[in-house]
4 protein chains.
Amino acid sequence: MKSIVSTRQRRKDARPQELLDAALSLFVEKGFAATKAEEVAALAGVSKGTLYLYYPSKEDLLRAVIRHNLSTEIAAGAQELARMGGPAGDRLQRVVADWWERILASPTSGVFKLVITELRNFPEIARFYAEEVVMPGTQLVESLIREGVASGEFADVNVQQAALSVLLPMVMLCLHKHSLGACGLGDPALEQPELFIRQHLALVVNGLRRGPARL
Amino acid sequence: MKSIVSTRQRRKDARPQELLDAALSLFVEKGFAATKAEEVAALAGVSKGTLYLYYPSKEDLLRAVIRHNLSTEIAAGAQELARMGGPAGDRLQRVVADWWERILASPTSGVFKLVITELRNFPEIARFYAEEVVMPGTQLVESLIREGVASGEFADVNVQQAALSVLLPMVMLCLHKHSLGACGLGDPALEQPELFIRQHLALVVNGLRRGPARL
Amino acid sequence: MKSIVSTRQRRKDARPQELLDAALSLFVEKGFAATKAEEVAALAGVSKGTLYLYYPSKEDLLRAVIRHNLSTEIAAGAQELARMGGPAGDRLQRVVADWWERILASPTSGVFKLVITELRNFPEIARFYAEEVVMPGTQLVESLIREGVASGEFADVNVQQAALSVLLPMVMLCLHKHSLGACGLGDPALEQPELFIRQHLALVVNGLRRGPARL
Amino acid sequence: MKSIVSTRQRRKDARPQELLDAALSLFVEKGFAATKAEEVAALAGVSKGTLYLYYPSKEDLLRAVIRHNLSTEIAAGAQELARMGGPAGDRLQRVVADWWERILASPTSGVFKLVITELRNFPEIARFYAEEVVMPGTQLVESLIREGVASGEFADVNVQQAALSVLLPMVMLCLHKHSLGACGLGDPALEQPELFIRQHLALVVNGLRRGPARL
DNA sequence: GATGAATGAGTCTTCATTCAT
DNA sequence: AATGAATGAAGACTCATTCAT
């Protein structure tokens with residue numbers, strides 16, 4: 001039983017994704033404003049006109065790139081975190097490491113650079129990012145920490161701030177990968193980012209265990 | 001004694017700084033490519049033509065903005081760190097907190113956003129940033145940690161990675177201030193960034209004291 | 001006897017006419033250059049590609065629209081005028097009124113707007129319009145007037161100019177219908193154009209009867 | 001006492017008018033949509049960019065062209081009509097002839113073609129034209145006719161329709177001048193349009209004198 | 001020095017036309 | 001025959017940069 005869809009149809013169906021991939025890559029590399037629509041089309045292997053068949057404007061393409069990549073990867077990661085048992089500290093380390101190693105390894109890591117850069121020019125993106133990415137992500141980590149605090153495993157810290165101690169370096173890793181890292185000028189300690197991720201999580205979890213040192 | 005400098009002269013001398021300030025503010029807000037040369041001039045209170053009297057091109061202006069702000073603030077902060085005594089952990093907390101609180105409060109905080117964004121389009125900037133900012137900055141923190149390790153105050157961690165655990169959130173704070181934070185959508189835990197800075201440093205230093213938890 | 005033409009065949013035969021109608025309507029409404037080929041196809045209920053099966057280019061479509069509509073209606077009207085008897089003045093009034101009322105009521109009225117607009121961009125159209133429409137039309141009226149002058153019914157006017165006094169308002173009526181009239185902003189005196197046509201012809205014929213007033 | 005305005009200033013002041021003239025000429029000749037912005041600039045002797053210094057878009061330029069030319073010429077003509085004495089018929093002939101001979105001789109004659117064509121794409125233009133041009137113009141002629149009817153000089157006709165019998169050919173003259181006339185294919189009777197204008201007005205006024213012939 | 005009018009290379013976007021299905 | 005995906009030439013508009021005043 002052969003598929004009846006024509007080559008044409010198959011290509012058409014793949015176009016949006018191909019364009020999104022090309023756009024992500026170039027927007028992350030050169031910035032949104034400095035990327036020409038034609039470059040995106042060329043990288044996706046189509047002509048300028050075809051790009052506009054799928055996205056009505058360069059700005060709409062940007063929105064689609066961000067929405068698509070954020071919903072896909074970020075949400076996916078968050079799903080798995082619900083499962084798993086064990087002490088909060090262990091779970092925190094395992095779960096966050098797995099989650100961000102996957103993000104860091106995927107092209108999605110670039111969206112953070114894009115978001116940081118373009119947020120202020122696109123208010124809808126700001127709201128979307130805050131509500132759909134930042135909030136769910138931090139709440140996930142916060143709930144793990146809160147659990148540890150409740151069970152006495154962790155000291156009585158400010159939970160929201162502690163979650164940021166966990167997460168901010170993860171985001172910075174993504175940014176670094178597409179800035180200094182991409183120029184071959186990255187910090188040598190980040191050449192194997194998984195190692196950094198693990199030590200960082202260990203450091204923070206260990207720090208949480210007995211309450212922060214007094215300043 | 002001819003200290004009677006004309007108003008014109010005084011304004012002229014101030015021009016480069018005024019232009020750099022205006023440019024920093026706009027480049028950080030809207031991005032380099034999306035900022036018009038004329039907007040920079042207008043914000044600095046001069047005409048388009050005058051801008052070109054001081055900087056031969058928009059790219060040169062960008063380079064000047066970055067160089068100027070990075071050398072000034074970052075280097076300045078680093079200087080003071082050399083002085084001071086006491087246990088490594090205490091010094092680390094005090095010194096890094098003071099240093100980054102000042103950066104975060106100043107317009108210089110924006111340069112990190114600019115650098116992250118434009119690095120890949122301006123190779124000289126990449127090199128300058130890596131050599132003049134990243135390296136000195138990390139080495140400073142690394143030497144404090146190394147000291148603590150040597151004295152037995154800290155566990156035997158990977159020093160470079162530990163320095164990044166200390167510093168990456170500081171940089172993220174700067175980026176956040178000029179992205180989500182500037183939209184009024186920032187994480188509430190960052191409304192008083194000094195509090196976060198202090199808890200974060202305490203957490204990490206505390207984590208260093210006992211050696212990282214096993215993963 | 002194979003009168004069993006398939007639906008497809010029937011539709012196919014009707015296509016050229018449907019396309020011409022759609023094109024006329026849109027060209028008159030929005031102008032030739034501002035009308036997209038795809039809009040014409042859509043209004044005719046076919047796809048873009050099909051349009052090009054029948055007309056090799058948008059310009060050819062325009063030519064066909066004009067030729068088709070002008071030859072059809074204008075020529076048809078002119079035919080009937082030859083027949084009929086009675087005084088020149090009466091025939092002039094009756095004949096011109098009938099003729100132009102029919103034109104004004106039909107979509108053909110729009111072609112005058114199209115012709116006025118596009119003449120200078122399409123020299124063949126100009127020649128066609130001058131020779132096939134303007135000349136036969138004016139000569140018809142001229143011959144009626146000339147007859148009246150010869151019989152002493154009319155004063156001795158410049159016949160060509162008098163024919164224009166008769167006809168120019170008729171053409172303007174067509175233009176008005178598709179400009180101000182179509183916006184609902186038309187002169188109220190033209191809400192029943194037949195009334196205007198009749199009074200106008202009466203006025204001119206009456207004016208011809210006594211010879212023009214001295215200026 | 002020399003003028004202090006610089007050459008630059010003088011050129012700048014003249015630009016809007018020069019651009020308006022160039023635009024009128026090309027829009028009338030080729031149509032709005034078929035005229036390139038750059039052509040207008042070139043005809044005005046400036047570069048593309050300069051055009052946009054004075055008019056924010058091609059559409060705005062069109063609006064300015066129409067408004068400027070209609071307010072200038074049409075209003076001017078209407079002014080003089082108020083003055084003058086004598087029988088209504090004589091005044092009608094003299095006044096309308098003078099008025100339209102001047103319009104026909106000026107580039108303003110082209111605006112009628114432009115208005116007819118673009119009205120439906122630009123609603124504001126439609127309203128402006130109806131209220132500022134059509135209404136004042138027809139009311140002027142209507143009041144002259146009404147005067148003649150009141151004094152018994154004219155028969156008791158429909159005044160609004162009669163005004164159109166007077167005016168529609170004048171407008172057609174303008175359109176003809178910029179369509180067939182401009183191709184050298186115009187009706188020979190219009191080679192001296194003033195002659196036509198005079199006979200037409202005489203014909204209509206004569207027709208008004210004793211009431212229209214019965215149809 | 002300072003200005004801002006002028007320029008034109010460069011971009012986004014549209015749309016007539018083609019052609020594989 | 002009919003479709004509509006794809007193309008790329010063309011056109012509106014922007015903006016970095018220049019230069020006469």
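Here is a short walk through the chain pairs and DNA strand E in this predicted model.

1. Start with chains A and B. To lay chain A on chain B you need a rotation of 180° with 0.0 Å of shift along the axis, and the fit has an RMSD of 0.1 Å. That is the relation of a two-fold axis. If you want a landmark for the axis, look for A:Gly207: among the residues of chain A, its C-alpha comes closest, at 1.7 Å.

2. Now see how the two copies touch. The contact takes in 58 residues of chain A and 57 residues of chain B. Of the interface residues of chain A, 98% are also interface residues in chain B, so the copies meet through the same surface.

3. What does the A–B interface bury? The area is about 5,300 Å², with carbon and sulfur atoms giving 68% of it. Don't go hunting for salt bridges between chain A and chain B, as the count there is zero. There are polar contacts, though: eight residue pairs across this interface, with both residues of each pair at pLDDT 80 or more.

4. On the chain A side, five helices each put in at least two residues: α1 (7–30), α6 (109–118), α7 (123–150), α8 (159–177) and α9 (193–209). Which helix gives the largest share? That would be α9(A), with twelve residues. By residue type, the side of chain A that touches chain B splits into 33 nonpolar, 15 polar and ten charged.

5. Next, turn to chains C and D. Here 58 residues of chain D are in contact with 57 residues of chain C. The buried area between them is about 5,300 Å², and 68% of that comes from carbon and sulfur atoms. Salt bridges between chain D and chain C number zero, while eight residue pairs make polar contacts across the interface, again with both residues at pLDDT 80 or more.

6. Which parts of chain D face chain C? Helices α1 (7–30), α6 (109–118), α7 (123–150), α8 (159–177) and α9 (193–209) of chain D supply at least two residues each. The largest share is from α9(D), which gives twelve residues. The side of chain D that touches chain C holds 33 nonpolar, 15 polar and ten charged residues.

7. Then there is DNA strand E. There are 36 residues around the strand, and those that come nearest are A:Tyr52, B:Thr50, D:Arg15, D:Thr50 and D:Tyr54. Of the strand's atoms within 4 Å of the protein, 62% are sugar or phosphate atoms, and the rest belong to bases.

8. Three side chains are worth clicking on. D:Arg15 has a polar side-chain atom 2.3 Å from a phosphate oxygen of DNA strand E. For D:Lys48, a polar side-chain atom sits 2.7 Å from a base nitrogen of the strand. For C:Lys48, the partner is a base oxygen of DNA strand E, 3.4 Å from a polar side-chain atom. As for the elements that give two or more residues to the surface near the strand, they are α3 (48–54) of chain A, α1 (7–30) and α3 (48–54) of chain B, α3 (48–54) of chain C, and α1 and α3 (48–54) of chain D.

9. One last point on that surface: how do the residues near DNA strand E divide by type? They come out as ten nonpolar, eleven polar and 15 charged.

Key: Residues numbered from 1 in each chain as written. Chains lettered and ligands numbered in written order. Predicted model: local features only at pLDDT ≥ 70, side-chain atom pairs only at ≥ 80, totals over all residues. Heavy atoms only, no water. Contact = heavy atoms within 4.5 Å. Buried area = accessible area lost by both parts, 1.4 Å probe. Salt bridge = Lys/Arg side-chain N within 4 Å of Asp/Glu carboxyl O. Polar contact = N/O pair within 3.5 Å; in protein donor to acceptor, adjacent residues only side chain to side chain. Helix = DSSP H or I, 4+ residues; strand = E, 2+ residues; numbered from the N terminus. Nonpolar A, V, L, I, M, F, W, Y, C, P; charged D, E, K, R; others polar. Least-squares fit on C-alpha atoms with pLDDT ≥ 70 in both. Near = heavy atom within 4 Å.
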